[in-house]
Amino acid sequence: MSSLPGRLGSLLARDVMTPNVVVLKDSDTLESAVRNLKSRHITGAPVVCDTGRLVGLLSLSDLVDIDLSQADAVGEASLAHGHDRTLW
């Protein structure tokens, strides 16, 4: 028995999911990825490699700790999950 009220307890993920998913590539620049998210008014998207395999998710909350002045000086940042998120 579900603890969700009414029909919510019987809904499936496919009943409420977004069918047309915006996908980012792991080779996208951070600037391009953020622009893509902002232009579509979304807060996150899956990230795929060149073969289309899911490699992670990028969300605006992942970007909160980034010091953009460092990003400008360094040029690029690796934000892969499991790695230090500071910019070198």
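The following exercises, with worked solutions, concern a predicted model.

In this model, local features need pLDDT of at least 70 and side-chain atom pairs count only at pLDDT 80 or more, while totals for chains, interfaces and linings use all residues. Residues are numbered from 1 along each chain as its sequence is written, and side-chain values use heavy atoms, with hydrogens and water left out.

**Exercise 1.** Determine which elements the chain holds and how they are ordered.

*Solution.* Elements are DSSP runs numbered from the N terminus: helices are H or I with at least four residues, strands are E with at least two. The chain has 3 helices and 3 strands. Read from the N terminus, their order is α-β-α-β-β-α.

**Exercise 2.** Describe the sheet and identify its edge strands.

*Solution.* Two strands pair if DSSP finds at least two bridges between them. The 3 strands form an open sheet in the order β1-β2-β3, with mixed pairing. Because β1 (24-25) and β3 (54-59) each have a single partner strand, one side of each lacks a neighbour in the sheet. Strands β1 and β2 (residues 44-48) run parallel and are joined by 2 bridges. L24 has V47 in β2 as its bridge partner.

**Exercise 3.** Locate the salt bridge and state whether its residues are buried or exposed.

*Solution.* A salt bridge requires a side-chain nitrogen of Lys or Arg within 4 Å of a carboxyl oxygen of Asp or Glu. The structure contains 1 such bridge. It links E31 and R35, whose closest N and O atoms are 2.5 Å apart. Both residues lie in helix α2 (residues 30-39), 4 residues apart, so about one helical turn separates E31 from R35. Relative accessible area (1.4 Å probe, protein chains only) under 20% means buried, over 50% exposed, and in between partly exposed. E31 and R35 are exposed.
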